[in-house]
Amino acid sequence: MSTTNAPTAPTPRPKVTDVEQHGIDTIPDADRTSRPLDLFRIQFGGANTFATVLLGTFPIALGLSFWQAVAATLAGVVVGALFLMPMGLFGPLTGTNNAVSSGAHFGVRGRIVGSFLSLLTAIAFYSISVWVSGDALVGALGRLFGVPDSDLLRGTVYAILGAIVIVVVVYGFQFMLLVNKIVVVGNTVLILLAVFAYASVFDPSFDPGPSAYALGSFWPTFVLSALIVMGNPVSFGAFLGDWSRYIPAATSRKSLLGATFGAQLMTLIPFIFGVATATLVAGETDYIVALIKISPIWYAVLLMVVAFLGGLSTGVTSLYGTGLDFSSVFPRLSRVQASLFIGVIAFVFILVGRLAFDLIASVNAFIGAIVICTTPWMVIMTIGFVVRRGHYRPADVQVFNLGMRGGAYWFHGGVNWRGMVAWIPGAVAGLMFANYPPLIEGPFRNAVGGGIDISLPVAIGVAAVIYVVLLYVVPEPRYVFGPQGPRWVPAAEGAEPPVVADESASQHRKARRGHTMDESVAAELEARVDG
């Protein structure tokens, strides 16, 4: 069984003003006009924002010195990037997003895990982007025009930013790509100008001393800081396939891995900006407003531009992927309708979380949950990719989405319990050891002397060990591995479940057959049903 469709001549890129028609269906070869450079731009553009800057302020807010905070930030970015890199490989091979692609390892129904992680991440980072960008605009309005701060003003600014993000998401991938091309260059230049804006007041020897450590001593505080930073690259795990699916299947894997790692390293620009500027306003409760107050007027104006472009970019990359995937979980909704629905929910969360609760505590908890739950899912996907030698069947991951049953990834009622049984204990164990105060404090958070957070290695270790053991004890069927067979694990003999029409499926899933799919993929499934 071929893992790719027959090559066809590529079509010109759609106009940015054309509303994207594809949902989570397989992208036809002719429409795959993107390159690894585009994958780099979307990742870096989506992270070259005030949302990332805010995460960069956490190591300082938790009591680290400037250089300690830089070290924690570097560690978090590099480790997170290493886990993230393989997640850009699935989209070109399957032609769909990572949540649907995960059906190859979790089952076509069990891939709901990826959809849940996508939703969690989107709400968190869409909210952070609108929160921080909105606060920057409010602070600038106060500094430049004397506009008094108020909940009404903040709510209005949040609404305007959120609405603009949704408009871009409705247009889809090409518009999003254009926005991120602009942000990659524009925000980088604007952020680097901070060197001139704050040169006279920045002190790299900033060190509040051991008494400032949020968790009482250096190493627990350092690890927590690194984990919070790591949440940024890990947050892309569920979304890379949204963008890499537009890249041809034959694209070099090294270039895909390099695009992701390079993009994440470039996020050190906004991260270090956050670290450095946080030292200037240490102790202030509202970081961005305080920063604008001490900024030169010319840079306060530029911060408004950075805030707007950054909020647009992060919000779009977060909301786009979840709207895309949510439409497959609830087929009654189109991609556009699902995006609008998630956008409204996220906006309510923004108002409640920002105006009624502690922003820092909310961000801390969400980042912790994302890191602990998403990383073991990524590890399972990566192990699966390795043992299957990167062999995937694009038609079979779409079976459930089209109101059918059977195929290579049906396993047991649409769920591969090997992946599921590994992920659930991994995520739960991680949460039990987690220490993201004050909202996530697991009962075993002090299991290691000194209060060091070991939730991530626990989550990864539990998930990886259970998954590998199950691959040996209960081998996967040989037909999922392709013509070369499995790598390093055994395979079980057995007949592949035939693809049949599921008469109990919703009319919305049935209606998708052949209408939004790549014609060759749809034809293959229909032929197997007829056969």
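A residue counts as buried when its relative accessible area is under 20%. Phe 222 has a relative accessible area of 14%, so Phe 222 is buried. This value, like the others below, comes from a predicted model.

The protein chain has 531 residues, and 61% of them are buried. Its secondary structure comprises 23 helices and four strands. The chain exposes about 19,000 Å². Carbon and sulfur atoms supply 70% of that area. Contacts between residues at least 6 apart in sequence were also examined. Of these, 83% join residues at least 24 apart.

Phe 222 belongs to helix H11, which spans residues 218-234. Phe 218 lies in H11 as well. Four residues separate Phe 218 from Phe 222, about one turn of the helix. Phe 218 has a relative accessible area of 22% and is therefore partly exposed. These two residues share an aromatic cluster with Tyr 213 and Trp 219.

Aromatic pairs were then counted across the structure. Rings pair if their centres lie within 6.5 Å. The count comes to 15 aromatic pairs. One pair joins Phe 66 and Trp 67, with ring centres 4.8 Å apart and planes at 75°, so the arrangement is edge-to-face. Phe 66 is buried, at 6% relative accessibility. Trp 67 has a relative accessible area of 56% and is exposed. The rings of Phe 218 and Phe 222 also pair, with centres 5.4 Å apart. Their planes stand at 40°, so this pair is tilted. A charged side chain also meets a ring elsewhere in the chain: Arg 487 lies over the face of Trp 488, at 5.7 Å from the ring centre.

Helix packing was examined next. Two packed helices are described by the angle between their axes and the distance between the axes. Helix H2 covers residues 50-61 and packs against H11. Their axes are 8 Å apart and form an angle of about 170°. H2 and H11 are therefore roughly antiparallel to each other. On the H2 side, the contact involves Thr 52, Leu 55, Phe 58 and Pro 59. On the H11 side, it involves Ser 225, Ile 228, Val 229 and Asn 232.

H2 also packs against helix H7, which covers residues 112-145. The axes of H2 and H7 lie 8 Å apart, at an angle of about 90°. H2 is therefore roughly perpendicular to H7. Phe 50, Ala 51, Leu 54 and Leu 55 of H2 make this contact. Their partners in H7 are Phe 125, Ile 128, Ser 129, Val 132 and Ala 136. Leu 55 thus takes part in the contact with H11 and in the contact with H7.

Helix H15 spans residues 287-294. Six of its eight residues are buried, so H15 is largely enclosed by the rest of the structure. The buried residues are Tyr 287, Ile 288, Val 289, Ala 290, Leu 291 and Ile 292.

Backbone geometry in the loops was also considered. Most residues other than glycine have a negative phi. Arg 389 is not a glycine, yet its phi is positive, at about 55°. Arg 389 sits in the loop between helix H18 (359-387) and helix H19 (394-397). Its relative accessible area is 28%, and Arg 389 is partly exposed. Phe 411 likewise is not a glycine and has a positive phi, of about 50°. The loop that holds Phe 411 runs between strand S1 (404-405) and helix H20 (417-433). Phe 411 is buried, with a relative accessible area of 11%.

A further loop residue, Pro 437, lies between strand S2 (435-436) and strand S3 (440-441). Pro 437 is partly exposed, at 23% relative accessibility. Pro 437 and Ala 365 are 72 residues apart in sequence. In space, their C-alpha atoms are 7.4 Å apart. Residues up to four places away in sequence set aside, Pro 437 touches Leu 215, Leu 224 and Asn 364.

Methods: Residues are numbered from 1 along each chain as its sequence is written. This is a predicted model: local features need pLDDT of at least 70, side-chain atom pairs count only at pLDDT 80 or more; totals for chains, interfaces and linings use all residues. Side-chain values use heavy atoms; hydrogens and water are left out. Rings of Phe, Tyr and Trp (its six-membered ring) pair if their centres lie within 6.5 Å; planes under 30 degrees apart count as stacked, over 60 as edge-to-face and the rest as tilted. Buried means under 20% relative accessible area, exposed over 50%, partly exposed in between (1.4 Å probe, protein chains only). Helices (H or I, at least four residues) and strands (E, at least two) are DSSP runs, numbered from the N terminus. A charge sits over a ring if NZ of Lys or CZ of Arg is within 6 Å of the ring centre and within 35 degrees of the ring normal. Contact means heavy atoms within 4.5 Å. Accessible areas come from the Shrake-Rupley method with a 1.4 Å probe; for residues, only the protein chains shown count as cover. Axes are lines fitted to C-alpha atoms, for helices over the stretch in contact, and angles run from 0 to 180 degrees between N-to-C directions. Angles under 35 degrees count as roughly parallel, over 145 as roughly antiparallel, 65 to 115 as roughly perpendicular and the rest as oblique.
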